Amino acid sequence: MKEKKPINIHEVDQSEGDSNQSDLRRNWQEKRSAQTKKQLAEDEKYFIHQALSTPCLNVIQECEGIYLTDIEGKKYMDFHGNSAHQIGFRNNYVVERLKQQLDVLPFTTRRYTNLPAIELAKKITSIAPESLNKVLYAPGGATANGMAIKLARYLTGRYKIISMWEAFHGASLDMASYSGEPMFRENTGPLMPGSLHIPPFSNYNGLWCDDNKDNSEKILEYLEYMLGKEKDVCALLAEPIRNTSVHIPPADFWKNVQYICNQYNTLLIFDEIPVCLGRTGRFFAFEHFNMVPDIVTMGKGLGGGIMPFAMVMANEKFDIVSHKAVGHYTHEKNPLAARAALATIEYIENEFVLVNVRQHQDYVRGRLMHLKGTYDIIGDVRGIGLLWAIELVENRSSKEPASLATERIMYRCLDNGLSFKITGGNIITLIPPLTITEPELDTALNIIEDAIKQENNKSSQS
Ligand SMILES: Cc1ncc(COP(=O)(O)O)c(C=O)c1O
């Protein structure tokens, strides 16, 4: 058995989120009440410690709309929400439908189907492009991705998967193999054979981003080269828009990828788990790229931010492995989860949530671009819909990541009632509920500006 080693915070991989073991984290927790500290200590006593969760940041008592409330009664606007809060927390419409469902059929044995499961399948395939007309449900995102890969393996008779370095597709061992973040891969023993990686796409100086770092041509060349050498690759798995770091490829990128994949009979699987359901201003993120992938996975907010739930979508021509088990999970057709998803989609449609996102996109972009023009520590601003990133640098000429300043900004914002997560050490990732109003966005952006201003003044004085 290995001994517990002291952690050097500078060696901690922060690609997926901010560290739960830094000095600034400990300082922030020192300021909590005795009651909070007691509960956090209890939590630490019973839960297995791991990066990004235990030790936890705070103890939450209640959630509603865009807010989390801790046990001290302090409210935080939550611009993180694990990307599961598209329709806000504890959405009343979904809660009411879940209560009705709970009273009738909260679970059903496998072998039986149920009405919410069928209704949801009908609904989602009516929203998706025609070619995505078959579904399979899953209890979580990593599981849905695993099912998509399994299906692709059955269909092609191949096993090699290409994915992108820096990507995240779930914390399970198979998804760690296809993800590209060291925290999930290192020291886990052998990963899946045939996990091949290509570099991630970076920023695009076009519709959505103001910094010219487009590397997409090189990636296409490398992909073509790689497929030409390997020849028997089963599928390419990727997020159409990288959620955590908010990287968005050019509008023709995925069409070109698909064209290359088609030459080698390699399937294209899109992981839309965090970005589906209107986050980008369209129901599916791939709609921005004028193409349709072979297989799509959705999750996170699909369960209304209440039920764990995910889904695989594919064309009926892929429905040819009826003698094999693609999923077979206990909660596959859970009627409560299906009801939550159905109610979530109904809410998005009835409340014109996508229209709200598209309207707010321009407002947020305008404000963030203004911040970039004003503060030298902002190296880049990028985003789409209500998915935005602010990348902080020591100064624009050096472009050195300003990790400590970013962490200080995060804790200052928390003090002022705004929660978000940091990606890659120096990227502030802003993922608000899609139901947010302009005054609420304004308040949040004022809190961010105030915190950035203080750091900027510090850095310009030093
Ligand atoms: C892009 C992406 N894919 C897959 C997953 C995994 O989803 P889950 O945590 O539900 O397994 C995540 C979770 O953060 C994600 O961001």
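## Close-up views of a predicted model

**View 1. Helices α11 and α13 cross in a right-handed sense.** Welcome to the first stop in this predicted model. Helix α11 covers residues 353-374 and helix α13 covers residues 438-461. Their axes lie 11 Å apart, and the packing angle is about 15°. That angle is under 35 degrees, so α11 is roughly parallel to α13.

**View 2. Helices α3 and α10 form another right-handed crossing.** Here helix α3 (residues 92-104) meets helix α10 (residues 335-350), with the two axes coming within 9 Å. They cross at roughly 150°, and α3 and α10 are therefore roughly antiparallel to each other.

**View 3. Seven strands build an open sheet of mixed pairing.** Following the sheet across, you meet the strands in the order β4-β10-β9-β8-β7-β5-β6. The edges belong to β4 and β6 (195-198), each of which pairs on one side only. From one strand to the next, the twist averages 20°. As a reminder for this view, strands of a sheet pair through backbone hydrogen bonds, either parallel or antiparallel. Both kinds of neighbour can be picked out here: β9 runs antiparallel to β10, while β8 and β9 run parallel.

**View 4. Strand β10 is largely enclosed by the rest of the structure, because 5 of its 5 residues are buried.** The strand spans residues 310-314, and both of its faces are covered. On one side sit Ala310, Val312 and Ala314, and on the other Met311 and Met313, all of them buried. Strand β4 (residues 134-138) is joined to β10 by 5 bridges in an antiparallel arrangement. To find your place along this pair, look for Tyr137, which stands opposite Met311. Strand β9 (residues 295-298) is also antiparallel to β10 and is linked to it by 4 bridges. In that pairing, Thr297 stands opposite Val312.

**View 5. Strands β8 and β9 run parallel, joined by 3 bridges.** Strand β8 covers residues 267-271. Its residue Asp271 has Thr297 of β9 as a bridge partner. You may recognise Thr297 from the previous view, where it stands opposite Val312 in β10.

**View 6. Leu237 sits in strand β7 (residues 233-238).** Is Leu237 buried or exposed? It counts as buried, because 27 C-beta neighbours lie inside 10 Å. Met298 is 61 residues from Leu237 in sequence, and the two C-alpha atoms are 13 Å apart in space.

**View 7. The shell around the ligand holds 14 residues.** Those that come nearest are Gly140, Gly141, Ala142, Gly170 and Ile273. Which element supplies the largest share of this shell? That is helix α5 (residues 141-156), with 3 residues. Sorted by character, the shell has 5 nonpolar, 7 polar and 2 charged residues.

**View 8. Four strands form an open antiparallel sheet.** The order across this sheet is β11-β12-β15-β14. Its edge strands are β11 (378-384) and β14 (421-423), each pairing on one side only. The twist averages 25° from one strand to the next. In the interior of the order, β12 (residues 387-392) and β15 (residues 427-430) pair in the antiparallel sense over 4 bridges. A handy landmark is Glu391, whose bridge partner in β15 is Ile427.

**View 9. Glu407 lies in helix α12 (residues 403-415).** Glu407 has 22 C-beta neighbours inside 10 Å and therefore counts as buried. Glu224 is 183 residues away along the chain, and the C-alpha atoms of Glu407 and Glu224 are separated by 39 Å.

**View 10. A cis peptide bond joins Thr54 and Pro55.** Omega for this bond is about 0°. Pro55 belongs to the loop between α2 (34-46) and β1 (60-64). Leu52 is found in the loop between α2 and β1 too, and has a positive phi of about 75° although it is not a glycine. With 15 C-beta neighbours inside 10 Å, Leu52 counts as partly exposed.

**View 11. Glu166 has a positive phi near 75° without being a glycine.** Where should you look for Glu166? Try the loop between β5 (160-164) and α6 (173-178). Glu166 counts as buried, because 22 C-beta neighbours fall inside 10 Å.

Terms used. Residues are numbered from 1 along each chain as its sequence is written. This is a predicted model: local features need pLDDT of at least 70, side-chain atom pairs count only at pLDDT 80 or more; totals for chains, interfaces and linings use all residues. A residue is near a molecule or strand if its C-beta atom, placed from the backbone, lies within 6 Å of it. Helices (H or I, at least four residues) and strands (E, at least two) are DSSP runs, numbered from the N terminus. Ala, Val, Leu, Ile, Met, Phe, Trp, Tyr, Cys and Pro count as nonpolar, Asp, Glu, Lys and Arg as charged, and the others, Gly among them, as polar. A residue is buried if 20 or more other C-beta atoms lie within 10 Å of its own, exposed if 12 or fewer, and partly exposed in between; C-beta atoms are placed from the backbone. Two strands pair if DSSP finds at least two bridges between them. Axes are lines fitted to C-alpha atoms, for helices over the stretch in contact, and angles run from 0 to 180 degrees between N-to-C directions. Angles under 35 degrees count as roughly parallel, over 145 as roughly antiparallel, 65 to 115 as roughly perpendicular and the rest as oblique. A crossing is left-handed if the near helix is turned anticlockwise from the far one by less than a right angle, and right-handed if clockwise.
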